[in-house]
Amino acid sequence: TAGKSIFCKAAVLRQFNKPLSLEEIEVLPPKAHEVRVKVLANAMCHTDYYSWSGADSELNDDGLPVILGHECSGVVESIGEGVEGVKVGDHVIALYTAECRECKFCKSGKTNLCGSVRATQGKGLMPDGTTRFRSKDGKPIYHFMGCSGFSQYTVLADVSVAVIDPKAPLDKVCLLGCGVTTGTGSVFNVAQVDENEEAQAAVFGIGAVGLAVIDGLKIRKAKKIIAIDINDGKEEWAKKWGATDFINPTKLKEGETIVSKLIEMTDGGCDYTFDCTGNVKVMRDALEACHKGWGTSVIIGVASAGKEIATRPFQLVTGRVWKGSAFGGVKGRTQLPGFVDDYMKGELKLDEYITGYKSFDKVNEAFDDLHSGNVIRTVVNM
Ligand code: NAD
Ligand code: AHE
Ligand code: ZN
C-alpha cells in the first residue's frame with residue numbers, strides 16, 4: 001500500500017453538535033517528513049467533545065469537515081521521504097504537541113511547545129498546507145490537532161509521533177496521548193511538586209485529567225489531596241486514586257465558599273491547585289484558594305471561545321502564581337516512551353481509567369458517554 005491511497009472508515013464531523021458521520025474516505029500517502037499510521041485505538045478526551053460542540057475558537061465552520069480524535073495509538077504503515085527515527089511497523093502514539101528538537105521552542109529548554117508544525121496544525125492542515133484526507137466526492141477533509149485518530153488510517157508529521165515499546169498494549173497506552181500524561185506531567189513538570197514538601201493540593205474536576213493529577217500528587221507524596229467536583233459520583237473515583245477529601249462545591253454550608261473552605265482545610269491555602277474543568281470561574285477559585293506567598297495554580301482545563309479569566313491583581317502581588325500547561329509540559333518524542341515504561345513497570349496507572357471499550361461504529365456513543373459524566377475514558381477500538 002506504500003505510496004498509494006488507502007480507502008478506510010473515518011468518523012467525520014460535518015456540522016457542530018451533530019453526530020459524526022461514519023464514511024469511507026481516502027487517505028493519501030505520506031509526503032516528505034510524514035508517516036501514515038494504522039490507528040488501533042483512540043480514547044475520548046473532553047477536548048474532542050469541546051471541539052465537536054463548536055466551543056474551540058480555532059475550529060470554526062471553515063475547518064469542517066474534520067476528523068477529530070487525538071488520544072490515539074497505532075502502527076506505522078508507510079513513511080514519506082526523509083523520515084528519520086520512525087520506521088514502518090513501529091508502534092507509536094500521536095502527539096498533538098510535536099517535538100522537532102530544532103525550533104526556538106524546542107531548543108529553549110523552557111517549554112514542551114514546538115513551533116515546527118503548530119501553525120498549519122491549527123488550520124487542520126499538514127505542514128505543506130494541504131490535507132491527506134478526502135471524502136468520496138474528492139473534497140478535502142481537515143485534520144485535527146495534528147492527529148485525527150478517529151480514522152482507521154491517519155497521516156502525521158514525523159515530529160508528531162512518539163515511538164514506543166512494541167510490547168506495550170496499544171489499547172491502553174493510547175491514554176498517554178493526552179489525559180494521563182497531561183495530568184501527571186502537570187504535577188511533575190509544571191507545578192514541580194517535590195516529594196519532600198508534604199504538599200497540600202486541590203484538584204478541580206475529576207475526569208481522567210483530574211485523576212491523573214491526583215496520581216501524580218500521590219507519586220510526589222502530597223499530604224493532602226482535596227478533590228472537587230459538582231458530580232458526587234466522582235468522590236469514589238477520587239478516593240480510589242488517593243484523594244484524602246472530596247468536596248461538592250454546590251453543597252457547601254451557607255456562608256461558605258469553595259475558596260474559604262479550602263483555606264480553612266489547609267490552614268491558610270493550598271500549596272498547589274489544578275483546574276481540570278475548563279470553567280473560568282473555577283480557575284479563579286483555584287487561584288484564590290492558593291496560599292499567600294507561594295501557592296501555585298495550574299490551568300489545565302480548556303475554556304470555550306470568548307471566555308477570559310479574572311482575579312484581583314493583588315492575588316498575584318501577594319505571591320500566588322498562575323500557570324498553565326499543554327500536555328503536562330511533556331516533550332513527547334523524548335519523554336513519552338518513559339511514561340510507557342513506567343506503566344509497564346506498574347508505576348503509573350492506565351488501565352484503571354478505562355471505563356469501557358466501544359467498537360468504531362459506536363463512536364458517537366462514546367461522545368454521549370463522556371458528556372453524561374458517568375465514564376472516565378472510553379477507548380474506541382478502530
Ligand atoms: P471530563 O469531562 O472527563 O472531566 C471534567 C470534570 O470536571 C467532570 O467530572 C465534571 O463534573 C467536572 N466539572 C465540570 N464543571 C465543574 C465545576 N464547575 N466545578 C467542579 N467540577 C466541574 O474531562 P477531561 O477529559 O478530564 O478533561 C478535563 C479538562 O482538561 C477539559 O477542559 C479538557 O478539555 C482539558 N484538557 C486539557 C489538556 C491540556 O493539555 N491543557 C489536555 C487534556 C484535557
Ligand atoms: N485551540 C484552543 C484551545 C485548545 C487547547 O488549549 N488545547 C490544549 C490541548 S487540549 C488536549 O486535550 C493545548 O495543548 N493547547 C496548546 C496547543 O498548542 O494547541 C484555543 O483556545 O484556540
Ligand atoms: Zn485531550
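UniProt positions are given in the numbering used here, and such annotations may be inferred rather than shown by experiment. With that in mind, the UniProt record, an unreviewed entry, lists residues 208-333 as "domain: Alcohol dehydrogenase-like C-terminal". The model described here is a predicted one. Over residues 208-333 the chain is 35% helix and 16% strand, and the C-alpha atoms at the two ends are 22 Å apart. The same kind of record, again an unreviewed entry, gives "domain: Alcohol dehydrogenase-like N-terminal" for residues 32-126. In that stretch helix accounts for 18% and strand for 24%, with end C-alpha atoms 11 Å apart.

A domain assignment offers a second way to divide the protein chain: domain 1 comprises 6-177 + 350-381, and domain 2 comprises 183-325. The centres of the two domains, taken over C-alpha atoms, are separated by 29 Å. Where they meet, 11 residues of domain 1 are in contact with nine residues of domain 2. Helix α1 (residues 46-52) supplies the largest share of the domain 1 side, with three residues. By class, the residues on that side of domain 1 are four nonpolar, five polar and two charged.

The ligands come next. Around ligand 1 there are 33 residues, of which His46, Gly205, Gly207, Val209 and Gly278 come nearest. Two or more residues of this shell are given by each of α1, α5 (179-191) and α6 (208-219). Both domains take part, since the shell around ligand 1 draws at least three residues from domain 1 and at least three from domain 2. Its make-up by class is 17 nonpolar, 14 polar and two charged residues. The surroundings of ligand 2 consist of Cys45, Thr47, Asp56, Ser57, Glu58, Leu113, Arg118, Cys178, Val302, Ala326 and Phe327. Sorted by class, the shell around ligand 2 holds six nonpolar, two polar and three charged residues.

Turning to the strands, an open sheet of four has the order β1-β2-β6-β7 and antiparallel pairing. Its edge strands are β1 (6-12) and β7 (140-141), each of which pairs on one side only. Seven bridges join β1 to strand β2 (residues 21-27) in the antiparallel sense. Within this pairing, isoleucine 6 has valine 27 of β2 as its bridge partner.

Strand β17 (residues 377-381) has two pairings to follow. Strand β3 (residues 34-43) pairs with β17 in the antiparallel sense over three bridges, and asparagine 42 stands opposite valine 380 of β17. Strand β16 (residues 354-359), by contrast, runs parallel to β17 and is joined to it by five bridges. In that parallel pairing, tyrosine 357 has valine 379 of β17 as its bridge partner. Because four of its five residues are buried, β17 is largely enclosed by the rest of the structure.

Helix α9 (residues 280-288) also has buried positions, namely Val282, Met283, Asp285, Ala286, Leu287 and Glu288. These buried residues pack against several elements: the strands β10 (200-204), β13 (272-275), β14 (296-299) and β15 (321-324), together with the helices α8 (258-265) and α10 (313-317).

The loop between α9 and β14 holds alanine 289. Alanine 289 counts as buried because it has 26 C-beta neighbours inside 10 Å, where 20 or more are needed. Leaving aside neighbours within four places in sequence, alanine 289 is in contact with Ala202, Ile258, Val259, Leu262, Ile263, Gly269, Cys270 and Thr273. From alanine 289 to aspartate 271 the C-alpha to C-alpha distance is 9.0 Å, with their places 18 residues apart in sequence.

Proline 249 offers another loop position to examine, between β12 (245-247) and α8. With 17 C-beta neighbours inside 10 Å, proline 249 counts as partly exposed. Not counting residues up to four places away in sequence, proline 249 touches Ile228, Ile230 and Ile258. Ile258 is also among the contacts of alanine 289. Proline 249 and asparagine 279 are 30 residues apart in sequence, and their C-alpha atoms are 13 Å apart in space.

Technical notes: Residues numbered from 1 in each chain as written. Chains lettered and ligands numbered in written order. Predicted model: local features only at pLDDT ≥ 70, side-chain atom pairs only at ≥ 80, totals over all residues. Buried ≥ 20, exposed ≤ 12 C-beta atoms within 10 Å, placed from the backbone. Contact = placed C-beta atoms within 7 Å. Near = placed C-beta within 6 Å. Nonpolar A, V, L, I, M, F, W, Y, C, P; charged D, E, K, R; others polar. Domains from an automatic or database assignment. Pairing = 2+ DSSP bridges.
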